[in-house]
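Trainee: I've got this one open on my screen and would like a close look at a single part. Could you take me through how that part packs, and then what surrounds it?

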Amino acid sequence: MSKTQLKTALAIGCLVFIWGISWPIYKAALPFTPPLLFAGMRALMGGVLLAAFLLPTWKKVNWHENWRIYCIAALLNAICFYGFQTVGLIFLPSGLFSVLVFFQPVLIALFAWFWLGEQMSVLKMVGMIVGFLGILIISLDGFTGEISLIGVMVALLAATSWALGTIYVKKESKRADALWMAALQFLIGGVILTIMGAVTENLRDIVWNTPYLIGLVFGGVFGVTVAFTLYFRLINAGDASKIASFTFLVPLIAVLTGAVFLNEPFTLTLLAGLILIVLSITFVNFSGGNRKLKRKLTA
């Protein structure tokens, strides 16, 4: 293995590990903070740190021409995704929530087919069907009271907003710098979420203890700044497909971490649904060589 390949593998491994352990860390912090304030403060912290890192290249922002792009990206990837993510963790175990949110690659395949004109393979289509069945199986626990249906719906809304945000960023990436788009979407989204939290929640409800501070600092430093710097550097190096191929490991890490450190329940229904969703994501990510289903886009 060459040095470049080793660096790429280490970067992907770090990214997947950060995403995997973030869910139980946030879950452990939530009992000590209102959800919107927690989402807003860690998004704002990450946006400030990433913007400070990029400050020498501030001319790439081109705010006058690109402000609409930054605001829409902030709405989808920060306000909606971080908001749904944080609120949803109140209703579901962190491992299960991460499984549902990482149905996002399947949604991306579907949205890209419809709105970007990308080709759809047979295996991708099978993967989406398998993933939908996995969600249905997990949702069955909601009817028995073991799993919150509200939590499942919020998780799917988080996955949908993230998928739409990813498609939008991909579509507009030629007009705006990718790293600055990441920084500004978290700056804008963090400010709005924090204001929403300050208006609807009580700052005095924050308990400044160790679990809360670990969740806040981890989310701002690693969850936003480090993770998105790695993510966009890998994309710029031409390794985006590798990242997509390894995202199916994230729910497994989250489920294992949650079960070991948070004593989260692990039912047979959850196991069956998890297996189907992981298979679904795997089918979608490894379907490059299969027969394509072409779709003509109408004006």
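Mentor: Let's get our bearings first, then go to one helix pair and a few single residues. This is a predicted model, in which local features need pLDDT of at least 70 and side-chain atom pairs count only at pLDDT 80 or more, while totals for chains, interfaces and linings use all residues. Residues are numbered from 1 along each chain as its sequence is written, and side-chain values use heavy atoms, leaving out hydrogens and water.

The chain has 12 helices and 2 strands (DSSP runs, H or I of at least four residues for helices and E of at least two for strands, numbered from the N terminus). From the N terminus, the order is α-α-α-α-α-β-α-α-α-α-α-α-α-β.

Now the pair. Helix 3 (residues 63-91) and helix 7 (residues 149-172) have axes that come within 8 Å and cross at roughly 160°; the axes are lines fitted to C-alpha atoms over the stretch in contact, with angles from 0 to 180 degrees between N-to-C directions. Helix 3 and helix 7 are therefore roughly antiparallel, the word for angles over 145 degrees. Helix 3 passes helix 7 in a left-handed crossing, where the near helix is turned anticlockwise from the far one by less than a right angle. The residues in this contact split into 16 nonpolar, 7 polar and 2 charged (Ala, Val, Leu, Ile, Met, Phe, Trp, Tyr, Cys and Pro are nonpolar, Asp, Glu, Lys and Arg charged, the others, Gly among them, polar).

Just before helix 3, look at N62, in the loop that follows helix 2 (35-54). Its phi is near 50°, positive in a residue other than glycine. At 34% relative accessible area, N62 is partly exposed; buried is under 20%, exposed over 50% and partly exposed in between, using a 1.4 Å probe and protein chains only. N263 also isn't a glycine and has a positive phi, about 55°. It sits in the loop between helix 11 (249-261) and helix 12 (268-285), and at 66% N263 is exposed.

For contrast, go inside. M120 lies in strand 1 (residues 120-121) and is buried, at 0%. Its C-alpha is 9.5 Å from that of V284, 164 residues along the chain. In helix 1 (residues 3-29) you'll find S22, which is buried at 7%. A polar atom of the S22 side chain lies 2.8 Å from the backbone oxygen of W19.

Key:
A polar contact is a pair of N or O atoms within 3.5 Å; within protein, one must be able to donate a hydrogen and the other to accept it, and residues adjacent in sequence count only if both atoms are side-chain atoms. Angles under 35 degrees count as roughly parallel, over 145 as roughly antiparallel, 65 to 115 as roughly perpendicular and the rest as oblique.
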